[in-house]
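Colleague: Got a minute to go through this model with me? I'd like to start with how you decide what is covered and what is not.

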Amino acid sequence: MNLRHLPTVALVIAACAATPLVGQQPAAEALAQSLQQQYDKVRDFKASFVQTTGGGVLRVEGSKGEGTVAVKKPGKMRWDYTKPEKQLIVSDGVRVFDYDPVTKELNVAAVPSDDQAPTATLFLAGKGNILRDFKVSTVESPIPGTLALRLDPRKADPDYEYLVVAFEPSSYQIRGLRTRDRLSGESTIVFSNIKQNTNIPDKEFEFVPPRR
């Protein structure tokens, strides 16, 4: 599932090197366990997001997108892009609908099985487990007041080289995600106005064909 390089799911931070801090692996594993335990308590969440992408084999200049996201476990997601142009990406847990309201183009694809889906997407959708699926290390977070972990997939991932998660040090609420793909491209998503466990209705994850 390619959510504009999310985060190809998506999720973190500014365009800085994610260099592991030496000698902090035990601390990293403890943080990862606490982060997982806290995220397991989140049934659903809504947030505003700002996404920046850039780099890659052609060293493309960074682009910026904004919008809102809703996630309901397990596997339901909705990404409403409002800038630079409108786009809707929604998954009901079975299919993914990618709709461009300007061109009226609609692409529909089956949600990949868990053994084929990117590990970063599985984590955000509530189907992954950090210590089981990733090698973890602490990294210096560029978001003031937050902590960050670098997550390297334990099995080869066709889409991602690694994922960085930034979170609040007291509540462990996720504040942003950053991914680096196999072509050295980076996608960074920073969340704001986060609301958790509001019982989002399933109908928000249904794609309703627009009237012609």
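Modeller: Sure. Buried means under 20% relative accessible area, exposed over 50%, and partly exposed in between, with a 1.4 Å probe and protein chains only. The areas come from the Shrake-Rupley method with a 1.4 Å probe, and for residues only the protein chains shown count as cover.

Colleague: And the ground rules?

Modeller: This is a predicted model, where local features need pLDDT of at least 70 and side-chain atom pairs count only at pLDDT 80 or more, while totals for chains, interfaces and linings use all residues. Residues are numbered from 1 along each chain as its sequence is written, and side-chain values use heavy atoms, with hydrogens and water left out.

Colleague: OK, how many helices and strands are in the chain?

Modeller: Three helices and 11 strands. Helices (H or I, at least four residues) and strands (E, at least two) are DSSP runs, numbered from the N terminus. The order is α-β-β-β-β-β-β-α-α-β-β-β-β-β.

Colleague: How much of it counts as buried?

Modeller: 44% of the 212 residues.

Colleague: Backbone next. Where are the cis peptide bonds you flagged?

Modeller: One joins K73 and P74, with omega about -5°, and P74 is in the loop between β2 (60-72) and β3 (76-83). Another runs from K83 to P84, omega near 0°; P84 is in the loop between β3 and β4 (87-91).

Colleague: What about phi at Y172?

Modeller: Positive, about 60°, although Y172 is not a glycine. Y172 sits in the loop between β9 (160-167) and β10 (174-181).

Colleague: Is Y172 buried or exposed?

Modeller: Y172 has 19% relative accessibility, so it counts as buried.

Colleague: Now the aromatics: how many pairs?

Modeller: Six aromatic pairs. Rings of Phe, Tyr and Trp (its six-membered ring) pair if their centres lie within 6.5 Å; planes under 30 degrees apart count as stacked, over 60 as edge-to-face and the rest as tilted.

Colleague: Why does F97 with F207 count as stacked?

Modeller: Because the planes are at 10°, with the centres 5.2 Å apart. F97 lies in strand β5 (residues 95-100) and F207 in the segment after β11, so the pair ties together parts 110 residues apart in sequence. Both F97 and F207 are buried. F167 and Y172 are also stacked, at 5.5 Å centre to centre and 15° between the planes.

Colleague: Which residues do ring pairs link into a cluster?

Modeller: F49, W79 and Y81.
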